[in-house]
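Visitor: Hi! I'm new here and would like a quick tour. Could you bring the structure up?

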Amino acid sequence: MKSFAFVAVASVLLLLPECPAQVLAGEGVAAAQANAEAATSRPPNVVLILADDLAIGDLAGGAGGRTRTPNLDRFAKQSVQFSQAYSGSCVCAPARAALLTGRYPHRTGVVTLNMNKYPKMTRLRRDETTIADVLGDAGYATGLVGKWHTGRGDGFHPLDRGFDEFEGFFGSDDVGYFQYPFSQQRKISDVQDQYLTDDLTGRAIGFVRRHQEHPFFLHLAHYAPHRPLEAPPEIIARYRDQGFNESTATIYAMIEVMDRGIGELLSEIESLGLAENTIVIFASDNGPDPVTGERFNHELRGTKYQVDEGGIRVPLFVRWANRFTPGQRDQMVTFVDLMPTILELCRVELPTKNLVDGTSFVPVLSDASASHSTTRFWQWNRAHPNYTHNAAIRQGQFKLVRPFVTRSAKLKDSTEPEVLYDLQNDPTESRDVSDKYPDVAGKMSRELKQWCDSVERDRVRPAAMPADAE
């Protein structure tokens, strides 16, 4: 067990031996009280929950009751909610790299999706530092439950990247929901007797129970509602009966099961007396998958794979009970901001080995009027980056986009003109205003080019790799 300096609070327990049931109940209450008291003298726990391909419109609170997400809706009302939150990418592996490092994914080496076809471009470089590395060094117990998708092989396993415990899968395997390969630490086995989302919930709860007496960082990386579309038939039927097609009905059923599990995890944190010293964060890695069909997403332009708002705008809720007053924030925040924010909340210094691209938004969590003025960038295409395609910069109310062309790996330089959107007056990105604001478009275009050059230089920087790395 890693060392961490904090004051232990002792509690005196009066037992009634003639009444075993009361004894057990009393022990449970006393344990929760002891946890609550001890929590005030130690750094906060952190639970970071990530959905996969979940759209903003998939939550009932924002979808007019299309889905059943009572636990996430309740959690959102207890949280600071960000209306202008963005992922680090429009696809999952690079988004996770940004989340874990606080750096643009290109710098980390994770720029594409398929770990089998592109092993070198889907794993965190060995010279990158993850939030698990930093919190682990500070004495936190660190655990990942669910999807990894940022490296496989010697030196790239989650246990090599700061996590003490790993119960999950890598991302490009043949993962279903009723049958899936699953790693317990480094041992892989096939599971056929559980539903994946429920399995992850149970393992996340187990991690919290095991580490309730000292600071912990849990990253619960759900797979839902990523393909393949599979859910309990009786839940699918309820949505089908409402008139949804089979694909949408299944997706909403998958989300409902995930919501139920998140509710169980939050209830366990509460019952253990940890709620007031546990920061809980919920987000999605990117927007909805177009392969599964179109569904409600507030008329945002684009989907997963695209740097339009529908591909990169995500829900983000941050709860720290009795510390942050629930409410909406309209400041722009992104995945690269999460690591510096979490570390500041945990009173842990940022690493200096690789400077992060993000900045802490802790002031915004306490004050809705606090400034968080940032410029942020995105780019994605399959395989090696081609910066003429599917790239964007947002600065204040404006967003400049190099349009999406194709998901194919056979990509030529794009000749599509850049487009400028005024998101304050056009949140659905329906009107190009580059002619109206030519100076803004020119300035942002130059800044986007500078960023592209910078991250590409960093992406191909030399580094010593293990002899057996592919």
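Visitor: Which residues in H6 meet which residues in H8?

Guide: Happy to help! From H6, Thr197, Asp198, Thr201, Ala204, Ile205, Val208 and Arg209 meet Val257, Met258, Arg260, Gly261, Glu264, Leu265, Glu268 and Ile269 in H8. Contact here means heavy atoms within 4.5 Å, and helices are DSSP runs (H or I, at least four residues) numbered from the N terminus. This is a predicted model, where local features need pLDDT of at least 70 and side-chain atom pairs count only at pLDDT 80 or more, while totals for chains, interfaces and linings use all residues. Residues are numbered from 1 along each chain as its sequence is written, and side-chain values use heavy atoms, with hydrogens and water left out.

Visitor: What classes do the residues of that H6 and H8 contact divide into?

Guide: Seven are nonpolar, three polar and five charged. Ala, Val, Leu, Ile, Met, Phe, Trp, Tyr, Cys and Pro count as nonpolar, Asp, Glu, Lys and Arg as charged, and the others, Gly among them, as polar.

Visitor: And at roughly what angle do the axes of H6 and H8 cross?

Guide: Roughly 10°, and the axes come within 9 Å. Axes are lines fitted to C-alpha atoms, for helices over the stretch in contact, and angles run from 0 to 180 degrees between N-to-C directions. That angle makes H6 roughly parallel to H8, as angles under 35 degrees count as roughly parallel, over 145 as roughly antiparallel, 65 to 115 as roughly perpendicular and the rest as oblique.

Visitor: How about H7 and H8, where do their axes cross in degrees?

Guide: H7 (residues 233-240) and H8 (residues 246-271) cross at roughly 125°, with axes that come within 8 Å. Therefore H7 is oblique to H8. On the H7 side, Ile235, Ile236, Arg238, Tyr239 and Arg240 take part, including in their partners Glu246, Tyr252 and Arg260 of H8. By class, that contact has seven nonpolar, one polar and five charged residues.

Visitor: Switching topic, what is the volume of the second largest pocket?

Guide: About 310 Å³. A pocket, on a 1 Å grid over the protein atoms alone, is an open set of points where a 1.4 Å probe fits, with protein on both sides within 12 Å along at least five of seven lines. Its volume is the space filled by probe spheres set on the points, which are joined across faces, edges and corners.

Visitor: Which lining residues are closest to its centre?

Guide: Of the 18 that line it, those are Leu113, His149, Gly171, Ser172 and His226. Lining residues have an atom within 4 Å of a point. The lining has six nonpolar, six polar and six charged residues.

Methods
Helix = DSSP H or I, 4+ residues; strand = E, 2+ residues; numbered from the N terminus.
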